Each structure stands twice: as C-alpha cells, then as structure tokens.
Amino acid sequence: MTTTPVLEAIDETLETQGQPPVNVIYEWLTTVDHKKIGLMYIVYALLFLVVGGFEAILMRIQLAIPNNHFVSPQVFNQLFTMHGTTMVFFMGMPILFGMGNYLVPLMIGARDMAFPRLNAFSFWISAFAGILLYYSYIGGSGLYAAGSAPDVGWFAYAPLTSKVFSPGHSTDYWTLAVLLSGVGSIGTALNIVTTILCMRCKGMKMSRMPLLPWLYLVMSGLVFVAVSPLTAAQVMLTLDRYLGSHFFDTQAGGSAILWMHFFWIFGHPEVYVLVLPAFAFANEIIPVFSRKAMFGYPAMVAASVSIGFISLSVWAHHMFTAGLGPAGNTFFVFATMVISVPTGIKIFNWLATIWGGKIIFAPPMMFMVAFLFQFLIAGLTGIMLSAAPFNWQLSASYFVVAHFHYVLVGAIVFSLFGAFYYWYPKVTGKMMDETLAKWHFWLFLIGFHLTFDFMHVPGILGMPRRIYTYEAGRGWDTLNFIVGIGAIFQAVGTLILVYNMIHSYYKGKEAGHDPWDAWTLEWSVPSPPPSYNFAIEPTVNSRRPLWDLKHPEDPDSDYE
Amino acid sequence: MTTITTASRIPIDGPVETPWKLPYRGTIGMACLIIAESAIFIIFVVAYIYYIGKSLSGPTPAQVLELPIFGTICLLSSSIFVHFAVSSLRKENYRGCTLNLAATVLLGTIFLATTAREWYHLIHDEGLTIKTNLFGTTYYSLVGLHATHVVVGLIMLSLVLCFSLAGLVKEEHSEKLEVLSLYWHFVDAVWVVVFLVVYVLGR
Ligand SMILES: [Cu+2]
C-alpha cells in the first residue's frame, strides 16, 4: 500500500452524514458528481421497473384465463403501450446509463465525467420525460375524455398516431416524453464518449482499457446514430400533430412505411444499445469469478465494434410483413444473420474464459451463467425470426414477444442483476445478503423460464400479440395460465432484490475496498468511493493494474 | 507531518512510456454532437428526397423556389471569417479576432434575413405553408431545422463577440472558440447539403 501525506481528511468535511435532511436533499438535487447522478439514474429506473412490472402483471392477469374482463380493451392498449415505452426508455436506458455514469470514470482512473453539468442536465431531462409520460394519466384527455394514457403501442405506427385516430393529448405526451428522453440519452452518450477518449489516467492506452468502458464507448456511439433518427421522427410527428404537416398523413400523400423505417432505424440498434452494457458487465464479472484474465480481449473489442456497425444495417427485418421486395428481403435476412457471427465470437470468448478457471459461484456469477445460457437461446430464436418466410408466419405473434423478452429479460436483466450484486459493495460499502440473493436468483430464474419459455408456444399456435382476450379451446389457455404464474415468481424475486438492497445497506457486512479480489481500478479506492474518486491520479501499466499489485509474481503482461 | 493511507493503492508516478496527451474534451464533445446532429439532418433529408414530386396539390418547388445565391455566399463566407477569428486569437491579435467575429455574425444575420424574406414571399405571396402539401411540409421543416441551428450559432457567436468587445477573450480561450467554430462550419456544411437537395435536386 502506498502511503503519502494527502488530502484524505478533506473528504470527511464533504460527507453529508449528520446534516439536516434539507441539506442532503439540496446536495442531491444540485449535484454534478458522476456517482450521485449514476445512483439517481439507477433509483429512478428501478422505480419505473416497478411501475412497468406492475403493468405487465395486470396484463398477465387479464390474459391468464380466456374471455376475461379484468381490464377493458382500452385499458389493455394503454397497458402494453406504457409497459413497452417505460421499460425501454425509462427503465432500460437510464439504468444502463446510470451504471455507466458510476463505473466508467472509476474504471478509467478519472475523477469525474468530462462534462459534469451536462451530465446533471441529461439526467434531469430524462427524469422529467418519465414524469411527463405518466402525467398523461391525469392530463391526457384522450379519446375517452379526461385522463388517458397513450395507447398506440410502443412503436406507434402511423397513421394511428395522427390527430384523426388519436385525438386528445395522450399521443402528444408519448411523443414529447420519448423526444426528451432521446435528448437526455444523446447528452449522456456524448459525455461517456468524451470521458473515455479524453479523461483516461496515465498509461491507460485504449488497448489497456477495461472492456466495460470499451463497450460503453461502442454503445454511446450507437446512441448518436440510432437515437437521433428517433428524435428527428418525433419532431416530425409533433409537427404533424401540432402544425398540421403531412409527414405521416396518408390522406395527403404521406407515408406510413416511412415512419416504420425511421422507427426501426432506431429500434433495432436500440437493442444493441441495451445489450452492449449487459455484455460489458459479463466481461468484468465472468473473468473475476473464474479467476482468469479475459480470453481474447482484442477479439472481444473487435466483435463489439463490428456488432455496432452491422446493427445499423438490419432494421428492416422488423418490416418483412410490410413487403420489401425480393432484393430488400435478401439483404436484410443476410445482414441479420451475419450479426450472429460477432455475437458467437463473444459467447465463445466467455466460455473460454470460464474453461479451466476456478469458478466461484457467488451471486454475480450465478446470474452470469444464466445470462450466457439464455442469451444463446434468445440469439437462436432471433436467427429463426430473421428468415423472412418464417417471419411472415410468426410476425406480430407471441413468438416474437417471447423472443425479444428473452433478450431483454433473459440476457439484459439477468446481467444487470449480476452487476448489482457485483458492484453493490463498492457503491454502499456493504455486502449483500447471500441467502436472499440465492432466493432472488432461483425464484427469478424459475419465473423467467415459466413465463418466457412457455410464451413461445401460443405464438406458434397463432396467438397474435396485443389482443386483450381470446376464446377458450384454441390450445392457448393452459399456456397463458403458466405464463401468468411465472410473472408472479419474477415479481416476488424482484421484490426480494429490492428488500435485500435496503436491508443490506443497514445490516450488511462491511465490504472493504476489494471484496471480490478483482483487478480493475474501481476496487483500489474505498467503498463507497470519495467524491474525488482518486486522491492521487493513478498510473497503470497493464490491463489489470490491481492484479499486478497483489500478484507481482504473475504479471498481467503474460496474458496480453 | 502525519502520513495517512491514500485512497489510491495504485503505484503513483509509475513509468509511462510516452508523454501522456489526450485530445481536448471540447473538440471530442463537439465531434459527438456533430455526429448526432448529422443523423438528425439525414433523416430530414431522406424524408425530403422521399417526398419529392409526391405532393397531391400545388404549388410545386419549380413554381415558387428561387436559388438563394446571395444568402448562400454570405453564409459560406462567414465560415472563412470565423476561421480567421480563431487564428488571430491564437496569435493574440485581439482586434482582428473581434473584427472577424463581427463579420461572421453580420454575414450569418444577412443569411437569416434572406431566409426570412424567402419565407415571407412563400407564405404571403404564394400561399405555401407547412400545411399546404408535402412540399411545404418537408421544405419548411428541413430549412427551418437548419435555420434553427443558424440562430443557435448566431446567439453563441454574438455572446463571444460581446465578451471580445469587453476585452475578455484571451489567447487561452482559443481552443474553446475553435470548438464553436467547428459547430459553425458544420452548420455551413449542412447548408450545402440542404441547398443541393432543396434547390437543385428538388427543383
Ligand atoms: Cu431487430
């Protein structure tokens, strides 16, 4: 341990502990510290996770038995619209940006993000967007008079969103909320890229940077080229609705197909915007719990960058049923299938990292093993759907719903939960309760498979998505009931996680600097890290600086 | 003097092979913004091109649009002046910097005025609004989006001009002014695309 006379004492005066609550709230509202903003992103996203999850439960209750009248068709439309919009824009994006905000500066040895005030702006504009979306429940005054949430589906196809078919303001709330969340996302992405390119500590060449910042770099680059088109399309939709322009107005020659293109130019890369951080967590957690250096670091970087590029050329696989013509079909089928090559490289690298390692099955690793397995299956059903003839049969069926939930929940959420267990000790200084973690894992795993394995089957049997009820005797009844049961398991598992997070904050064991014996820079500072992160800006000479410090006999350079 | 444990356990002052220099964050940040903005403009340009000749009613571009040669010359030459402003600031020629900034703002304002006149003519004399047809829809949104960027650029340039007149802009700010000039160059480059699409291809 290096000892130097430094400013550690100053940190104590900055502590908010023992201050009156007003000061603490003021401190959080006005903070520009990347760690506080990261945590606010995460807490805000978790609130929306609960809300979006609640909407999902209501839908599953409605669909659990045939001919159910638990909610009306109008409410059901609002539920799936709000569930999708919430989970993508107000849970997925903010929680991943929150993790990135917290971790990227720590992992590259920086004291903060490149633009701390822009960071705060991006967070608050995103938070405002989420509140705006939910304000529609009060101020929507949609088709059925006062208070109505958006009901146009999360991809809001034209001309359903035009004034004629969506009178009132519910669709306006949707448009503006998505537009503003896009502004926030672009701001944060800009900040992450600039931080990574301009703020790395001495000696951290790009080839020595941990894989998490690398993947966040690719993800943020994708945000520029994917979220911006959506923002542009939302501006057009707003012009249509408020100034009477005709972009998506089929009556005046406008094109509904154009909206589909614009939306999916965003929509498909968005999947990779969400999944790249999940890969990033796996890249940090799997090596640490296998006690080995990451296998194939350059291949991993190359695969991530090529996924970023290829994902820009596959969007129309969401539009096979709209009719693209033989040339378009062939191109998009091929491009979509090609993307499984770099993805496969990643899976092989993770397996090779685990291979021959001394695996420790702590909660983060348990979630990672489930992530690997489920991501593989999600990828395989993805390849099935990428074949245009298969897609014509099953487009807009529950098979599609099951496929993308396998990606979003089976891969992304599992990886995210693993990341929670892995970095929680760093953020709070306390270990999470392992028994509760295992309960969470098994309940969520069982619930996930009950719900989403069985959801594929009604899709193959012809059940379309977004129907609010169905007749008995089509072979969907039992399956939908099982799907509903699984949702309850998942909800209970998630509540255990939330309880565990609060419980461990007060009752957990002290974690110390480095509870997992890991090797990236964030584990070299105290838990929780002081507001300036590093008292002395670190210098690194390898990819695993902390490993070299702890194991001088086995330097990291042997693995590069 | 008491010795306490540092927050960082990483060896300090370890050997670093090359002098450690990373790019300026303002430049990278602006480059990111330009990429994101380009994506937005591309979508509007695609919509414009897609809807060329698809209007169900008149007026058509050929009937009402005239080439805005004068405004274009003004805007494009303002790019040169903002470049001179940066280079004179680097050489600590503060007077030259102020004059070049003033020329940039003036030329940008003239461009904006020509756009405003064009819009007045189209709305007042030709009766073309954003509601009229697909041409009106795409024309006003694309040109308007560009004009919005010009306005934002002019506000920032005018602020710098005010600071410069007050004698507050010094050589150490040249990197920051360069970031602003990047934005202005971007706005000009977009105009070239808009000009080609709206006034050449679209007519
Ligand atoms: Cu896709």
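This is a dialogue on cavities, buried residues and chain shape in a predicted model.

Author: Residues are numbered from 1 along each chain as its sequence is written, chains are lettered from A and ligands numbered from 1 in the order written. In this predicted model local features need pLDDT of at least 70, side-chain atom pairs count only at pLDDT 80 or more, totals for chains, interfaces and linings use all residues, and side-chain values use heavy atoms, with hydrogens and water left out.

Reader: What makes a set of points a cavity, and how many are there of 30 Å³ or more?

Author: The grid is 1 Å, over the protein atoms alone; in a cavity a 1.4 Å probe fits at the points but cannot get out. Points are joined across faces, edges and corners, and the volume is the space filled by probe spheres set on them. A search of the whole structure gives two cavities of 30 Å³ or more. The largest has about 60 Å³. The second largest has about 30 Å³.

Reader: What makes a residue part of the lining of the largest cavity?

Author: A lining residue has an atom within 4 Å of a point. A:Tyr41, A:Tyr44, A:Phe89, A:Met93, A:Pro94, A:Phe97, A:Ser126, A:Ser181, A:Gly184 and A:Ser185 line the largest cavity.

Reader: Which helix of chain A gives the most to that lining of the largest cavity?

Author: Helix 4 of chain A, with four residues. Helices are DSSP runs of H or I with at least four residues, strands are runs of E with at least two, and both are numbered from the N terminus. Helix 3 (34-64), helix 4 (73-107) and helix 6 (170-198) each supply at least two lining residues.

Reader: How do you know which class each lining residue of the largest cavity belongs to?

Author: Ala, Val, Leu, Ile, Met, Phe, Trp, Tyr, Cys and Pro count as nonpolar; Asp, Glu, Lys and Arg as charged; the others, Gly among them, as polar. On that basis the largest cavity has six nonpolar, four polar and no charged lining residues. The lining of the second largest has six nonpolar, three polar and one charged. A:Glu270 is one of its lining residues, and Glu counts as charged. Helix 6 of chain A gives the most to this second lining, with four residues.

Reader: Why is A:Thr381 called buried?

Author: Buried means under 20% relative accessible area (exposed is over 50%, partly exposed in between; 1.4 Å probe, protein chains only). A:Thr381 has 7% relative accessibility, so it counts as buried. A:Thr381 sits in helix 12 (residues 363-386) of chain A.

Reader: What is A:Thr381 in contact with, leaving aside neighbours within four places in sequence?

Author: Contact means heavy atoms within 4.5 Å. The partners of A:Thr381 are A:Phe399, A:His403 and A:His456.

Reader: Why does B:Ser174 count as buried?

Author: B:Ser174 has 7% relative accessibility, so the verdict is buried. B:Ser174 lies in helix 6 (residues 174-201) of chain B. With neighbours within four places in sequence left aside, B:Ser174 is in contact with B:Val86, B:Leu89 and B:Arg90.

Reader: How do you know how chain B compares with a compact globule of 203 residues?

Author: The radius of gyration is taken over C-alpha atoms, and the globule rule is 2.2 Å times the number of residues to the power 0.38. A compact globule of 203 residues would come near 17 Å, but chain B has 23 Å. Its C-alpha atoms fill a box of roughly 85 × 40 × 30 Å along the principal axes. Buried residues make up 49% of chain B.

Reader: What elements make up the secondary structure of chain B?

Author: Six helices and one strand. From the N terminus on, the order is β-α-α-α-α-α-α.

Conventions: On a 1 Å grid over the protein atoms alone, a cavity is a set of points where a 1.4 Å probe fits but cannot get out, and a pocket is an open set with protein on both sides within 12 Å along at least five of seven lines; lining residues have an atom within 4 Å of a point.
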